[in-house]
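Hello,

Here is the structure I promised to pass on. Have a look at it first, and then read my notes below.

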Amino acid sequence: MSAFLTVDNLSASIRGNIRQRVLRSVSFSIDTGEVLGLVGESGAGKSMIGKAILGILPSAVEVVEGEIQLDGHNLMAMKQADRRRLIGATAALIPQDPLTALNPSRRIEPQITNRLVDILGWSKRDARLRALELLDEVHIDNPERVMGSYPHELSGGMRQRVLIASAFAANPKLVVADEPTTALDVTVQKQILRLIRELQTRHETAMVFVTHDLGVVSKVCQRLSVLYGGMVVESSDVPAFFGGPGHAYSRALLAATPKYTDPEASLLPVDEAVIAQVSGEVLAADEGWRHGA
Amino acid sequence: MALEDSLFSVSGLEVALPDMAAKPVFGRAPLIQILKGINLEITRGSVLGIVGGSGSGKSTLGRALLRLLEPTGGTIRFDGQDITHLNEDALRPIRRRMQMIFQDPMSSLNPRRRVGAIIADPLLMHEFDAIDARVDDALDHVGLPRGFKSRYPHELSGGQRQRVGIARAIALKPEFILADEIVSGLDVSSQAQVLNVLDNLVKELGLTLAFISHDLSVIRRLCDRVMVLNRGEIAEFANTDRLFAAPQSAYTRELMDAIPLPDPNQANW
Amino acid sequence: MLDGRGTLKRRAGARLWLSGIWLGVMALLALFAPLVSPHDPLTQDLFAGRLPPFWVEGADPAYLLGTDSLGRDVLSRIIHGARIAFSVALVAGIATALVGSLLGLLAGYMRGWVDVVISRLVDIWMAFPPVLFAILLIAVLGTGLTSIIIAIVVIDWTRFCRVVRAEAMNQSAMDYVSSAVVAGRPRMDILWREILPNVLPTIVALLTLEMGIAVIVEAILSFVNLSISSDAPTWGGMIAEGRTSIYQAWWVLAFPLGVLFLTVLSFSQFGEGLKDRFDPVLR
């Protein structure tokens, strides 16, 4: 039995310019019930991978090589409509910005239930009961009231709970979380991370967790891939990684991450030589890819 | 009551802002009290950290210190002078002595002006001489090449932009600098660089600095004293070492516990 | 640093070029109208009435786009009409932009009572039906080019005022304005030196749109004979005349209408193209 999600040798380029890769031969796989962290700084391509899996890449970017296997189906070989249907039924997204991800002019209830009714063909009554159950599951005290509210009437943490509830509504087997706590206060972030972990464990969901924060990775992921320039620099198990990363860039990233408990060993600037080394590796990979292609 | 070496002396500071969300159709919006009586001394040459969650009033406090806002109660003394209700004309000579570095370097640098002009601008305003030399000097101090003078902000990386923001602030040789969440929008690798630059400048130029952040790790790296704000009130105010060794207030402990350390075995998670 | 996002390029401005070329050609024709037009636009030749354009049978090659019922050359009248259209577009457009943007900037930046007064004025102003307003104004001021220009400014300044006010408010909330305050820059100085350059692209886009609108308004007023003397070659006047003889001589209506359409379209496309092209800030 192979993994639930397999991304194999995935490359994406700026449309019309195949040489300009934004993802460089990315490979990884995730089993059911497993959380993989995709870590990197801005521009590393980490969000791009999540978008490629869900088929929501920006129009300026196209996949030029590689395969994505979701639950035994080869996404790249499927017709667009079939692929949409498969992704709609098995996968969900927890977005970064809880403010823009909810439609400001609609109440919460239809925003959770619409997908169940329209795509999965549930009855309105079932969908409503499921929504109430979910809001309860994400620890919202008064689900009835929240269902009738508009997004602006809820706090940021509350909105993110609603989005999580909505993501888990159709029992997805894969969830892509794209920086889901970046816009939140630390105290709220902790609650939300715990909530995501709780739901993920209970539903045995496979999860791609995109973040720039190694601290967050250490809390929710079992494995991680460090990205630079759209290339996987290092993949590792979480305990092994935080015991001592293998790649110089990962080590530099970890040393730059803030740790209030150990001011001497945190917030260290990344050495120019390390950047030069990893940039060199990316260029070398491009060189080899051009010759291969 | 101001101490001999106190640069800022704040007592009973209150700030209220109109709450536009609750504004009735007719009439004025009700005021919400953002700061509820803050007392604070900032001694010359010290680095003060101001920390708190969103809605704690930390940015409002900073902006009131610089008189970008007018307080509704209490007094602010800068170097002995009461500046609580001074108007903009009376403030102008004092403005040279207190500068600010902003959270979002993209929005705080005018996108249509070149870096050189952005740094030179305050100098021109306050009729400094040898402006070119001062701009070069400021760029040197923050470790940016002098050639950056002819670039536009959008041609720089986030960390570089923030260093331009620092260069602009120090070019005037101010006595006081307010840094408002200046690394929260940056990648961790640039964060470390910007903090190092600031740390060195404080030591070199003998600056007094107030550093606002939501991140205790960053505060610990830079500050001598820490004020923890919660809903417009001081939750705790202590020397940095003591605060981290033995936090007194429950809110401080909650903040600390909530920070995800890069360690899979952190307690309470 | 390696970062793919910076390489995303904007599409080349085909519409900027097409509209710019059309406007440039029209402007040159207008400028040198007496030199380039093959005939006097006012000379009537009743023996050469309703001659069709050159490719239709029975045409006189001296009249490329044919003649109207009074035997006046359509091409020459279009070229001379461009003079009037472009003068109105330029003068009325710029005057409207100046008045509206100034008030909008003041309202958006100063806020307080200044904003209240200006915004209320705009609200009241926009409650008048514009065409009625224009006809009323012309009735009071008398017909003529100046009256048309004044009418356009008086009616359309609100368009600039509202948009510029909103944009000035946005920009005022940016930190670079706070940082200018911290630097000790006087208040009005901040408006001119910091905010205006950032609102300028919006003003320019609106300005070209307004120029197109001015051309239309002039045509409408000529059409209902409220512009300058009915003899003078205006596009609107030509369209009105061509309407009466559309079955006998379609070209008298079709050519000025086509030119009017393309010119107005070009103005709006030119503005959009400029905004895309010259906004260096990647938002």
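At what angle do helix α3 (residues 108-118) of chain A and helix α4 (residues 124-137) of chain A pack? The angle is about 125 degrees, and their axes are 9 Å apart. α3(A) and α4(A) are therefore oblique to each other, that is, outside the ranges under 35, 65 to 115 and over 145 degrees. In this pair, E109(A), I112(A), T113(A), L116(A) and V117(A) of α3(A) meet residues of α4(A) that include K124(A), A127(A) and L134(A). By type, the residues of this contact are 6 nonpolar, 1 polar and 4 charged.

A word on the source: this is a predicted model, in which local features need pLDDT of at least 70, side-chain atom pairs count only at pLDDT 80 or more, and totals for chains, interfaces and linings use all residues. Residues are numbered from 1 along each chain as its sequence is written, with chains lettered from A and ligands numbered from 1 in the order in which they are written.

Now to the core. The largest nonpolar core (buried nonpolar residues joined through C-beta atoms within 7 Å; buried means 20 or more other C-beta atoms within 10 Å) has 234 residues. F209(A), A167(B) and F211(B) have the most contacts inside this core. Its largest share, 17 residues, comes from helix α3 (residues 74-110) of chain C.

Leaving aside neighbours within four places in sequence, A167(B) is in contact (C-beta atoms within 7 Å) with residues including I119(B), A138(B) and L144(B).

Best wishes

Technical notes. A residue is buried if 20 or more other C-beta atoms lie within 10 Å of its own, exposed if 12 or fewer, and partly exposed in between; C-beta atoms are placed from the backbone. Helices (H or I, at least four residues) and strands (E, at least two) are DSSP runs, numbered from the N terminus. Two residues are in contact if their C-beta atoms, placed from the backbone, lie within 7 Å. Axes are lines fitted to C-alpha atoms, for helices over the stretch in contact, and angles run from 0 to 180 degrees between N-to-C directions. Ala, Val, Leu, Ile, Met, Phe, Trp, Tyr, Cys and Pro count as nonpolar, Asp, Glu, Lys and Arg as charged, and the others, Gly among them, as polar.
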